[in-house]
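Hi everyone, thanks for coming. I'd like to walk you through one model today, so let's put it up on the screen.

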Amino acid sequence: MKRVSILGVTGSIGANTVEVIEATGGAEVVAVTGHSNIAGLAAAARRLGAEVAVTADPARFGDLRDALSGSGIAAAAGPEALVEAASRPADWVMSAIVGAAGLAPTLAAVRAGATIALANKECLVAAGSLFLGEIERSGARLLPVDSEHNAIFQCLAGERAAQVERLILTASGGPFRNRSAEQMAAVTVAEAVAHPNWSMGQRISIDSASMFNKALEMIEAWHLFPVAPAQVEVIVHPQSIIHSMVGFADGSILAHLGPADMRVAIGHALTWPDRARLPVERLDFAALSRLDFEAPDPARFPALGLARRAMERGGVAGCVMNGAREVALDAFIAGQIGFLDMARLVESAMEALDELPAATDLTDIFAADAEARRIGRGLVPRFAA
Ligand code: NAD
Ligand code: MG
């Protein structure tokens with residue numbers, strides 16, 4: 001049986017991963033990790049019969065130990081414990097911690113040589129080529145779980161990199177696709193979280209509403225696949241049936257279609273190069289009847305332009321954009337800044353840190369991330385209502 005670990009088991013991707021593992025015959029579970037939801041973490045650990053459960057929060061160690069008592073499952077807490085758990089020998093590791101907090105544990109799993117099912121896009125956005133360099137050195141395999149990138153990965157099977165002309169990332173457009181800029185300026189957190197097609201964690205849902213999620217995904221695609229920034233396109237496709245497309249030199253386009261259900265991409269990454277029968281909805285084209293497309297509006301969704309700038313700038317620009325975005329997101333969730341202020345804050349932080357030198361090692365990445373957060377936090381009062 002496959003030995004697997006799930007980093008971020010208490011999240012939306014984590015829960016879907018548990019379901020997929022159970023639906024495909026089970027696995028020997030090594031480590032599961034979480035953060036503040038100790039009851040959920042302990043329940044997942046017991047359900048899966050994990051060897052160890054780790055909370056990222058050292059203050060919650062006692063709670064976790066108590067919740068696991070009598071189970072024989074080891075409890076641990078804190079960032080080092082997270083890295084230790086992630087580096088335990090496993091065949092397959094799901095990287096589904098949200099944010100740059102996922103970078104260190106994912107790198108630990110990479111260095112241990114596991115196959116990495118990568119949901120955490122921040123690893124690539126923040127650490128890009130250094131992260132990929134670690135993958136290459138360790139011989140680990142990277143399988144993209146983000147639905148767009150999983151779709152592109154599937155479209156590229158058997159194709160030649162040199163004949164790829166463009167990657168077309170689809171975007172649902174989120175809950176504010178048809179709102180005016182004036183309306184968007186006043187939206188609440190609850191409205192931003194209410195995604196029309198996908199059920200996801202709070203942070204990625206808000207990022208989908210602002211298209212910061214798509215912005216991160218442009219950078220993610222650029223790192224994952226052999227293309228230049230100009231070859232990464234975004235098209236709004238409100239039905240979320242086409243998960244992304246690849247255009248080739250001969251004008252052919254290959255698309256990946258499926259239900260808007262992350263279990264498809266997770267199952268693909270878990271069983272690749274095989275495919276398992278999954279209990280997901282089957283598409284009914286007669287009922288769907290149409291697929292729509294429209295160009296994204298750069299004025300209402302400036303995050304897309306920021307991603308393009310970050311790719312063209314290179315170096316640590318993606319890391320800075322991501323760190324500032326996480327701070328802006330915290331400030332929006334806390335009610336300190338408005339929805340449209342998030343992109344303004346990120347843009348200001350990127351401008352302030354435009355001269356940061358390129359990273360030569362991961363220490364530089366962590367330093368650039370910390371600097372972006374420091375500058376970002378300093379900018380919050382400027383946009384505070
Ligand atoms: P979520 O908020 O539902 O879950 C996040 C997980 O990370 C939880 O297990 C939480 O305990 C853990 N976590 C939070 N803060 C942490 C910290 N500081 N240290 C360690 N662990 C911490 O998020 P999600 O929607 O499952 O998304 C997880 C990742 O997958 C994100 O990077 C997201 O962009 C990506 N992703 C999600 C989806 C989706 O459909 N949900 C799709 C594509 C990509
Ligand atoms: Mg995605």
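**A walk through the model, from the tail inwards**

Let's begin with alanine 384, which is in contact with Gln336 and Ile337 once we leave aside its neighbours within four places in sequence. Before I go on, please keep in mind that this is a predicted model. Alanine 384 sits in the segment after α17 (362–383). Is alanine 384 buried or exposed? Alanine 384 has 12 other C-beta atoms within 10 Å, and 12 or fewer is the cut-off for exposed, so alanine 384 is exposed. Its C-alpha atom is 9.6 Å from that of phenylalanine 332, a residue 52 places away along the chain.

Stepping back into helix α17, we find glutamate 371. Glutamate 371 has 19 C-beta neighbours inside 10 Å, and buried starts at 20, so glutamate 371 counts as partly exposed. Glutamate 371 and cysteine 319 are 52 residues apart along the chain, with 9.9 Å between their C-alpha atoms.

Now for the inside. In general, nonpolar side chains in soluble globular proteins tend to be buried together. Here the largest nonpolar core has 127 residues, and the members that touch the most others are Val32, Ala53, Val93, Ala117, Val320 and Ala324. Which helix gives the most to this core? That is α15, with ten residues. Domain 1 (3–144) and domain 2 (150–259 + 282–383) both contribute residues, so the core lies between them. If you want one residue to click on, try alanine 324: setting aside residues up to four places away in sequence, alanine 324 touches Leu345, Val346, Ala349, Met350, Ala372, Ile375 and Gly376.

While we are on helices, have a look at α10, residues 202–210. Seven of its nine residues are buried, so α10 is largely enclosed by the rest of the structure. Those seven are Ile204, Ser205, Ile206, Asp207, Ser208, Ala209 and Ser210. What do the buried residues of α10 pack against? Their partners are α9 (189–193), α11 (212–224), α14 (303–313), α15 (317–333) and α16 (341–352). Straight after α10 comes methionine 211, which has a positive phi, near 65°.

On to the sheets, and let me start with the one of seven strands. This is an open sheet in the order β4-β3-β2-β1-β5-β6-β7, and the pairing is parallel. At the edges stand β4 (74–77) and β7 (141–144); each has a single partner strand, so one side of each is left without a neighbour in the sheet. From one strand to the next, the twist averages 15°. To see the parallel pairing up close, look at β1 (residues 3–7) and β5 (residues 92–95), which are joined by four bridges. There, valine 4 stands opposite tryptophan 92 in β5.

A quick word on annotation for this part of the chain. An unreviewed UniProt entry annotates residues 4–128 as "domain: 1-deoxy-D-xylulose 5-phosphate reductoisomerase N-terminal". Over residues 4–128, the chain is 43% helix and 22% strand, with the end C-alpha atoms 25 Å apart.

The other sheet I want to show you has four strands. It is open too, in the order β9-β8-β10-β11, but with mixed pairing. Its edges are β9 (232–236) and β11 (253–257), each with a single partner strand, so one side of each is left without a neighbour in the sheet. Ignoring direction, neighbouring strands here are turned by 20° against each other on average.

Let's follow β10, residues 242–248. Towards β11 the pairing is antiparallel, over five bridges, and serine 244 stands opposite histidine 256. Helix α7 (residues 147–155) packs on this sheet, touching β8 (164–171), β10 and β11, and its direction makes about 40° with that of β10. Helix α11 packs on the sheet as well, touching β8 and β9, and its direction makes about 155° with that of β8.

Strands β8 and β10 also run antiparallel, joined by four bridges. One pair to find there is leucine 167 with its bridge partner in β10, valine 246.

One last stop: how many residues lie between the strands in the hairpin of β10 and β11? There are four, and in that hairpin glycine 251 takes a positive phi near 90°.

That's my tour. Thanks for listening, and I'm happy to go back to any view.

Terms used. Residues numbered from 1 in each chain as written. Chains lettered and ligands numbered in written order. Predicted model: local features only at pLDDT ≥ 70, side-chain atom pairs only at ≥ 80, totals over all residues. Helix = DSSP H or I, 4+ residues; strand = E, 2+ residues; numbered from the N terminus. Contact = placed C-beta atoms within 7 Å. Core = buried A, V, L, I, M, F, W, Y, C linked by C-beta atoms within 7 Å. Domains from an automatic or database assignment. Pairing = 2+ DSSP bridges. Axes fitted to C-alpha atoms, helices over the stretch in contact; angles between N-to-C directions. UniProt positions renumbered as here; feature names shortened; annotations may be inferred.
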